[in-house]
Amino acid sequence: MTNDDHSELESTEQRQAVRAKAQRVQAAQKRWRAVRVSILIVLALAVVAAIIVAVTLVVSSAATKPAPVPANVVDDGVQIGASAVNLPTSAGNGTLTPTSAPSTAAPTTAPVSVVIYSDYLDAKAATFQTANARQLAQLVSDGAITLSYHPLATLAHKSNGTKYSLRASGAAACVASYAPDLFFAYSYELMLKQPGLDDDGPTDEDLADLAIALGIANQDGLRTCIANATYEPWVKSATERAVEGPLPGTKAAIGELPLVLINGVPYVGSLDQPAELLQAVMAAESKAYFETASPSPSATVTPTPEPTPAPEATPATEATPATETTPPTETTPAG
C-alpha cells in the first residue's frame, strides 16, 4: 500500500468519525430539545391548571357569598313608614300633614296592602309615581294602607351601555339603608327627572348629589355605597326573582310595568288618576271587611211559655146518706 493510499484511508476514517460524532451531537441536541419542549408543556399545563383553580375558587366564593341586602327590606321590597312619606319641595306640596285628626276608634280592618314594582327608567312607572305620590303619602299617613316599593332593573340594557336602570335602583337601595325616611322622596325625584330610553342617564355622582340634596346626613357613606355599586347585585337578584315569580303573597307575575298590587290584586285603573287609585283602595278595604267581619249573631227567640193549665176542680164530695133509723121495738101486751 502506498503512502497515498494510506493517507486516503485515514482521511476516510476521520471523515466517518467526524460524521458519527456530528450525528451523536445532533441526536443529543434533538433529545434535549424534546426534553425542553416537554418541560415547557408541563410548566404551561401547570400554570393553566393553577389559573383554572384560582378562577374556580373566586367564582365559587362569589357564588356562595350572598349579595348584601339593603336595610328596611322585606321580601325584596322597601317598606315605607308613616314618618317616611314626606315629599320633596319639588313636588309642589312640601311636607304632608294629615287631612284630619287620627281616629281614636279601633280600625275595623287591617290597612290595605299596596305593593309597587317599577323600574326607574320606565315611563309609565314615572307617570304613576308622579301622579299618585301625594295620594299614596296621604293614605300611608292616615294608616289606611301599608306601602312598599320593589325597585327593578328590567331596562338596564336601554341606557347606551351605562346600565342606568340598574344603577338608579342600586342608588335607591343605598338611600333605603342610609336614610330610609328619604326613600319615598328620592324615588319621586328619580321618576321626576327620568332620562329617556337609550340615553346615558345621570352618573353615579349625579345620583349621589340628588340624594344628598334631600338632606342625607351620612354623605360620605352614601357616596361610597353608590360608587361601589354595593347593592346592584341585590337588585339583579331581586329582578330575577320577580321575573321568574311567583311574587310574594300572590300568584301574579311581572308583566308590564309598573305593577301595582292592592291586597295582592293587580291594579288596572288609570295610572295618572289618583281618584281611581283611591277608589280601588276603598274597594279592597270594603271587600276585606266583608270577608273578615264576624257574622252578626242571630237574635235569640225566647219561646213564649204555654200557659199552665188550671188545676182541675176537685169534685164535690157526695153527701153521706143519713143512717136509717131503727124502728122502735113493739111492746108485748101483758097477759
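These legends walk through a few close-up views of a predicted model. Residues count from 1 along each chain as its sequence is written, and side-chain values rest on heavy atoms, with hydrogens and water left out. Because the model is predicted, local features need pLDDT of at least 70 and side-chain atom pairs count only at pLDDT 80 or more, while totals for chains, interfaces and linings use all residues.

**View 1. Helix H2 and its bend at Asn-132.** H2 covers residues 123–141, which makes 19 residues; helices here are DSSP runs of H or I with at least four residues, strands are E runs with at least two, and both are numbered from the N terminus. From first C-alpha to last, H2 reaches 27 Å, close to the 27 Å expected at 1.5 Å a residue (the expected span is 1.5 Å times one less than the number of residues). Even so, H2 bends by about 55 degrees at Asn-132, taken as the angle between axes fitted to the seven residues ending there and the seven starting there. At the N-terminal end, Asp-122 acts as the cap, with a side-chain oxygen 3.2 Å from the backbone nitrogen of Lys-124. Just past H2, Gly-143 takes a positive phi of about 80 degrees.

**View 2. What packs over H2.** The buried residues of H2 include Phe-128, Asn-132, Leu-136 and Val-140; buried means under 20% relative accessible area, exposed over 50%, and partly exposed in between (1.4 Å probe, protein chains only). An α-helix has 3.6 residues a turn, so residues three or four places apart point the same way. Among the elements covering the buried residues of H2 are strands E3 (112–119) and E4 (145–152), along with helix H8 (274–292).

**View 3. Asp-119, a buried acid without a salt bridge.** Asp-119 sits in strand E3. The nearest side chain of opposite charge is Arg-167, 11 Å away; Lys and Arg count as positive, Asp and Glu as negative, and His and the chain ends are not counted. What does the side chain of Asp-119 reach at 3.0 Å? That would be the backbone nitrogen of Leu-155. A 2.7 Å polar contact also joins the side chains of Asp-119 and Ser-165. (A polar contact is a pair of N or O atoms within 3.5 Å; within protein, one must be able to donate a hydrogen and the other to accept it, and residues adjacent in sequence count only if both atoms are side-chain atoms.) Asp-119 also touches Ala-125, Met-191 and Leu-257, among others, with contact meaning heavy atoms within 4.5 Å.

**View 4. The Asp-76 and Arg-241 salt bridge.** The closest N and O atoms are 2.8 Å apart; a salt bridge is a side-chain nitrogen of Lys or Arg within 4 Å of a carboxyl oxygen of Asp or Glu. This pair links distant parts of the chain, 165 residues apart, with Arg-241 in helix H7 (residues 232–244). Asp-76 is buried at 18% relative accessible area, whereas Arg-241, at 42%, counts as partly exposed.

**View 5. Arg-167 and Asp-204.** These side chains meet in a salt bridge at 2.8 Å, N to O. The pair ties helix H3 to helix H5 across 37 residues. Arg-167 is buried at 11% relative accessible area, and Asp-204 is partly exposed at 26%.
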